[in-house]
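Thanks for making the time this morning. I would like to walk through one small protein with you, starting at a loop and then moving to the sheet, so please have a look at the chain before I begin.

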Amino acid sequence: MKKIIKCPDCHHPIEIDLNTLGVGDIIECQYCGTELEITSVDPLKTKIVEEEK
Ligand SMILES: [Zn+2]
């Protein structure tokens with residue numbers, strides 16, 4: 001099952017394949033490079049991964 005979310009940073013659609021991804025997995029926006037952690041699958045929710053520098 002695939003779902004589309006909008007990148008919270010650049011608002012481009014990002015496709016998430018829930019057959020291979022689940023809660024706790026990190027996806028990266030191909031457009032702006034923002035990393036998103038999947039926090040919930042149903043409903044699908046993500047949060048931006050804050051990088052510590
Ligand atoms: Zn983005």
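Let me start with His11, which lies in the loop between strand S1 (2-6) and strand S2 (13-17); strands here are DSSP runs of E with at least two residues, helices are runs of H or I with at least four, and both are numbered from the N terminus. Before going further, I should say that this is a predicted model, in which local features need pLDDT of at least 70 and side-chain atom pairs count only at pLDDT 80 or more, while totals for chains, interfaces and linings use all residues. Residues are numbered from 1 along each chain as its sequence is written.

Back at the loop, His11 has a positive phi of about 70° although it is not a glycine. Is His11 buried or exposed? His11 is exposed, because 10 other C-beta atoms lie within 10 Å; the cut-offs are 20 or more other C-beta atoms within 10 Å of a residue's own for buried, 12 or fewer for exposed, and partly exposed in between, with C-beta atoms placed from the backbone.

The loop between S1 and S2 also holds Cys7, and Cys7 is buried, since it has 20 other C-beta atoms within 10 Å. Leaving aside residues up to four places away in sequence, Cys7 touches His12, Ile14, Cys29, Tyr31, Cys32 and Thr34, where a contact means that the C-beta atoms of two residues, placed from the backbone, lie within 7 Å. As for Tyr31 in that list, Cys7 and Tyr31 are 24 residues apart in sequence, and their C-alpha atoms are 8.9 Å apart in space.

Now to the overall layout. The protein has zero helices and five strands, so that, read along the sequence, its pattern is β-β-β-β-β. The C-alpha atoms fill a box of roughly 35 × 20 × 15 Å, taken along the principal axes. For 53 residues, a compact globule would have a radius of gyration near 10 Å, and the protein, at 10 Å, agrees with that; the radius is taken over C-alpha atoms, and the globule rule is 2.2 Å times the number of residues to the power 0.38. Buried residues make up 9% of the 53 residues, and among contacts between residues at least 6 apart in sequence, 14% join residues at least 24 apart.

Next, the sheet. Strands of a sheet pair through backbone hydrogen bonds, either parallel or antiparallel. Here we have an open sheet of three strands in the order S3-S4-S5, with antiparallel pairing, and two strands count as paired if DSSP finds at least two bridges between them. The edge strands are S3 and S5, each of which pairs on one side only. From one strand to the next, the twist averages 40°, with axes as lines fitted to C-alpha atoms, for helices over the stretch in contact, and angles running from 0 to 180 degrees between N-to-C directions.

Taking the pairs in turn, strand S3 (residues 26-28) is joined by three bridges to strand S4 (residues 35-41), and the two run antiparallel. Within that pair, Ile27 has Leu36 in S4 as its bridge partner. S3 and S4 form a hairpin with six residues between them, and in the turn Gly33 has a positive phi of about 85°.

On the other side, five bridges join S4 to strand S5 (residues 44-48), again in an antiparallel arrangement. In S5, the bridge partner of Glu37 is Lys47, that of Ser40 is Lys45, and that of Val41 is Leu44. The hairpin joining S4 to S5 passes through two residues. Pro43 lies in this loop, and a cis peptide bond, with omega at about 5°, joins Asp42 and Pro43.

Finally, which residues does Leu36, in strand S4, touch? Beyond the residues up to four places away in sequence, Leu36 touches Ile26, Ile27, Cys29, Thr46, Lys47, Ile48 and Val49. Leu36 counts as buried because it has 21 C-beta neighbours inside 10 Å. By contrast with those contacts, Leu36 and Asn19, 17 residues apart in sequence, are 17 Å apart in space, C-alpha to C-alpha.
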